[in-house]
Amino acid sequence: MHDGRGHGGPAGPGGPPRTRRRRSRIPRPMRLGATLAVLLLVIVLGWGAGLTLWANSRIEHVDALSEAENTPGTTYLIAGSDKRDGEAVSADGTEGARTDTIMLLHKARGGKSYLISLPRDTLVDIPGYGGYKLNAAYSFGGAPLLVETVEEFTGLAIDHYVEIGFDGVSQVVDAVGHVNLCIDQDVDDEKSGLKMTEGCHDVGGEQALAFVRARYFDPTADIGRQARQQQFVSALMDRATSPAVLLNPITQVRLAGAGSGALTTSDGTGIVDVGRMALAARSAMGSGSLSIPIEDPEYQTNNSGVAILTDDEDIKAFFESVADGTAEPEPAEG
């Protein structure tokens with residue numbers, strides 16, 4: 001009597017027929033390699049995510065941004081602050097905080113990036129105070145007033161504020177081992193501590209810090225210092241993105257720790273934004289240098305001694321070209 005269950009087979013009498021498992025056509029070594037690659041990717045992504053979360057937790061934040069109307073592109077204001085509360089900067093009688101380094105990094109909507117040093121001695125109108133040197137804005141009102149002052153001076157709305165203490169400069173350089181800096185004369189500057197012979201040298205954090213601070217040995221003062229500061233930024237980006245750093249987990253942790261621990265950023269600006277800033281700065285430095293137009297580098301003021309005088313129309317035209325990505329930097333040397 002037929003019961004509809006078949007006539008037996010590999011599964012035994014009356015059982016459903018078994019299907020033969022198809023053997024993979026991919027050789028076992030290749031399958032193993034693919035599995036290891038996926039596992040490595042998971043580890044790398046997990047490592048990166050963990051490092052990012054840890055670095056973000058170390059960043060201090062400040063309510064620095066204004067309510068200025070947004071302008072096209074992305075603009076970072078980068079300040080090197082001297083708060084006189086660390087070991088790397090010796091006391092010299094200066095009270096309170098100040099900014100010896102002020103840079104504007106703008107990534108235009110078309111993708112072109114510009115890194116522009118704003119000389120600290122530039123004569124500007126500080127809201128509520130009048131005409132003073134640019135670095136006085138930070139002394140008068142901290143990051144919020146500096147942001148507002150730079151926005152009025154440049155016409156660009158600041159999207160991210162990033163401040164690094166001078167101690168942090170030294171620690172970041174030491175974290176990556178060294179940076180390669182060049183100078184065109186022998187220097188032994190007592191005030192900054194810079195001691196270098198003519199040529200290019202791999203230097204550690206202490207001398208890198210002196211390099212970005214030094215100004216009195218140079219007859220061009222603030223102008224020469226801004227060129228050295230841009231050179232330092234370029235050298236640090238080159239070192240931080242080198243295989244010696246990127247492929248060394250220990251160095252990555254040191255860099256993430258030193259960098260994030262030294263940073264103060266605007267609310268909402270995290271380590272990923274700082275990373276994007278670094279990439280934009282690297283791109284900008286590769287294209288060449290860009291400096292603001294100066295009318296008189298030794299203008300005698302009523303309140304601030306000798307300052308850098310600019311022309312309002314020249315500045316307006318300059319930053320409009322930066323905003324729309326049409327500014328043409330001077331080609332990078334070498």
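Visitor: Which residues does R215 touch, not counting residues up to four places away in sequence?
Guide: This is a predicted model, so take what follows as computed from it. R215 sits in the loop between helix 4 and helix 5. Leaving out residues up to four places away in sequence, its partners are R120, D121, A221, D222, R225 and R228.

Visitor: And is R215 buried or exposed?
Guide: The cut-off for buried is under 20% relative accessible area. R215 comes in at 11%, so the verdict is buried.

Visitor: How many residues of helix 4 are buried?
Guide: Helix 4 covers residues 205-213 and is mostly covered. Its buried residues are G205, Q207, A208, L209, A210, F211, V212 and R213. Out of nine residues, that makes eight.

Visitor: Let's go inside. Which residues have the most contacts in the largest nonpolar core?
Guide: That core has 41 residues. Strand 2, strand 3, helix 3, strand 8, strand 10, helix 4, helix 5 and helix 8 each put at least two residues into it. The ones with the most contacts inside are L105, L115, V179, L181, L194 and F232.

Visitor: What is F232 in contact with, leaving aside its neighbours within four places in sequence?
Guide: F232 is one of the residues with the most contacts inside the largest nonpolar core. With those sequence neighbours set aside, the list for F232 reads V169, V173, V179, L181, A208 and V212.

Visitor: How many residues are in the other core?
Guide: This one lies apart from the 41-residue core. Its members include L118, V124, L146 and F153. The count is 30 residues.

Visitor: Now the holes. Which element gives the largest share of the lining of the largest cavity?
Guide: The structure holds one cavity of 30 Å³ or more, and its volume is about 40 Å³. Its lining is made up of D100, T101, I102, S117, L118, P119, R120, D222, R225, Q226 and Q229. Strand 3 and helix 5 each supply at least two of the lining residues. With four residues, the largest share goes to helix 5.

Visitor: By class, what lines that cavity?
Guide: R120, D222 and R225 are among the lining residues, and each of these is also touched by R215. Sorted by class, the lining has three nonpolar, four polar and four charged residues.

Visitor: Which residues are the closest to the centre of the largest pocket?
Guide: The largest pocket has a volume of about 1,300 Å³, and helix 8 gives the largest share of its lining, ten residues. By class, the lining has 29 nonpolar, ten polar and two charged residues. Of the 41 residues in that lining, the closest to the centre are M237, L255, V274, G275 and A278.

Visitor: Which residues does the disulfide join?
Guide: The count comes to one disulfide. Its S to S distance is 1.9 Å, within the 2.5 Å cut-off. With 105° about the S-S bond, the link is right-handed. The pair is C182 and C200.

Visitor: How many residues apart in sequence are the parts this pair ties together?
Guide: C182 lies in strand 8, while C200 belongs to strand 11. The link therefore ties together parts separated in sequence by 18 residues.

Visitor: What is the relative accessible area of C200?
Guide: Its partner C182 is partly exposed, at 28%. Exposed would need over 50%, so C200 also falls short of that and counts as partly exposed, with a value of 48%.

Methods. Residues are numbered from 1 along each chain as its sequence is written. This is a predicted model: local features need pLDDT of at least 70, side-chain atom pairs count only at pLDDT 80 or more; totals for chains, interfaces and linings use all residues. Side-chain values use heavy atoms; hydrogens and water are left out. Buried means under 20% relative accessible area, exposed over 50%, partly exposed in between (1.4 Å probe, protein chains only). On a 1 Å grid over the protein atoms alone, a cavity is a set of points where a 1.4 Å probe fits but cannot get out, and a pocket is an open set with protein on both sides within 12 Å along at least five of seven lines; lining residues have an atom within 4 Å of a point. Grid points are joined across faces, edges and corners, and a volume is the space filled by probe spheres set on the points. Ala, Val, Leu, Ile, Met, Phe, Trp, Tyr, Cys and Pro count as nonpolar, Asp, Glu, Lys and Arg as charged, and the others, Gly among them, as polar. A nonpolar core is a set of buried Ala, Val, Leu, Ile, Met, Phe, Trp, Tyr and Cys residues joined through side-chain atoms within 4.5 Å. Contact means heavy atoms within 4.5 Å.
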